[in-house]
Amino acid sequence: MSSDPDRIRREIETTRTELSNDVDALTDRVNPRRIAGDRAGQARDAFARAKEKMMGSSGHLGQEAGQRMSHAAGSVRDETRSLGQQSREQAQGTRWLPAWSPSV
């Protein structure tokens, strides 16, 4: 160890910086949110690999299925909104008209 005060100060500062970096790395490593996020990512990856293994991976079919799912979700969303509106109207005592009526 040196007896030069300036050099000792620099070594102390370097040691503090290294120690601070180590503590930050350990804190990040044991952060529950990060751990949960990592585990969720691993589960998603494992599920995707299993799905591809069972069903095969085809970009076109996946894209088409995604479009169908999006369309179905839109239909469900619209129907849910319609039912919600009907429920509100019934609760308020407003006359309820069905969204569709059978042809006579």
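**Close-up views of salt bridges and a negative patch**

**View 1. Arg34 and Asp38 in helix H2.** Arg34 counts as partly exposed at 27% relative accessibility (buried is under 20% relative accessible area, exposed over 50%, partly exposed in between; 1.4 Å probe, protein chains only). The model is predicted: local features need pLDDT of at least 70 and side-chain atom pairs count only at pLDDT 80 or more, whereas totals for chains, interfaces and linings use all residues. Residues are numbered from 1 along each chain as its sequence is written, and side-chain values use heavy atoms, with hydrogens and water left out. Arg34 is joined to Asp38 by a salt bridge, with 2.1 Å between the closest N and O atoms (a side-chain nitrogen of Lys or Arg within 4 Å of a carboxyl oxygen of Asp or Glu). The partner, Asp38, is partly exposed as well, at a relative accessible area of 33%. Both residues belong to helix H2 (residues 32–55), where four residues, about one turn of the helix, set them apart.

**View 2. Arg9 and Asp6 in helix H1.** A salt bridge links the side chains of Arg9 and Asp6 at 3.3 Å, N to O. The two residues are three apart in helix H1, so about one helical turn separates them. Arg9 is exposed, its relative accessible area being 54%, while Asp6, at 45%, is partly exposed.

**View 3. Arg7 and Glu11 in helix H1.** The side chains of Arg7 and Glu11 also meet in a salt bridge, at 3.2 Å from N to O. Here the spacing within helix H1 is four residues, about one turn of the helix. Arg7 is partly exposed at 43% relative accessibility, and Glu11 is partly exposed with a relative accessible area of 30%. The structure holds three salt bridges in total.

**View 4. A negative surface patch with Asp24.** Glu18, Asp22, Asp24 and Asp28 form a negative surface patch. Such a patch joins like charges within 9 Å, from residues with over 30% relative accessible area and no salt bridge; Asp and Glu count as negative, and the charge is placed at CG of Asp or CD of Glu. One of the four patch residues, Asp24, lies in helix H1 (residues 5–29). Asp24 is partly exposed, with a relative accessible area of 47%.

**View 5. The chain around these sites.** The protein chain contains three helices and zero strands (helices are DSSP runs of H or I with at least four residues, strands are E runs with at least two, both numbered from the N terminus). Read from the N terminus, the order of elements is α-α-α. Of the 104 residues in the protein chain, 3% are buried. The chain has an accessible surface of about 9600 Å², and carbon and sulfur atoms account for 56% of this area (Shrake-Rupley method, 1.4 Å probe). The mean pLDDT of the chain is 78, and 76% of the residues score at least 70 (pLDDT is the predictor's confidence in each residue, from 0 to 100). Among the elements, H1 has the highest mean pLDDT, 93, and helix H3 (residues 59–91) the lowest, 73.

Key: Patches are made of residues with over 30% relative accessible area and no salt bridge: like charges are joined within 9 Å, nonpolar side chains (Val, Leu, Ile, Met, Phe, Trp, Tyr) within 5 Å.
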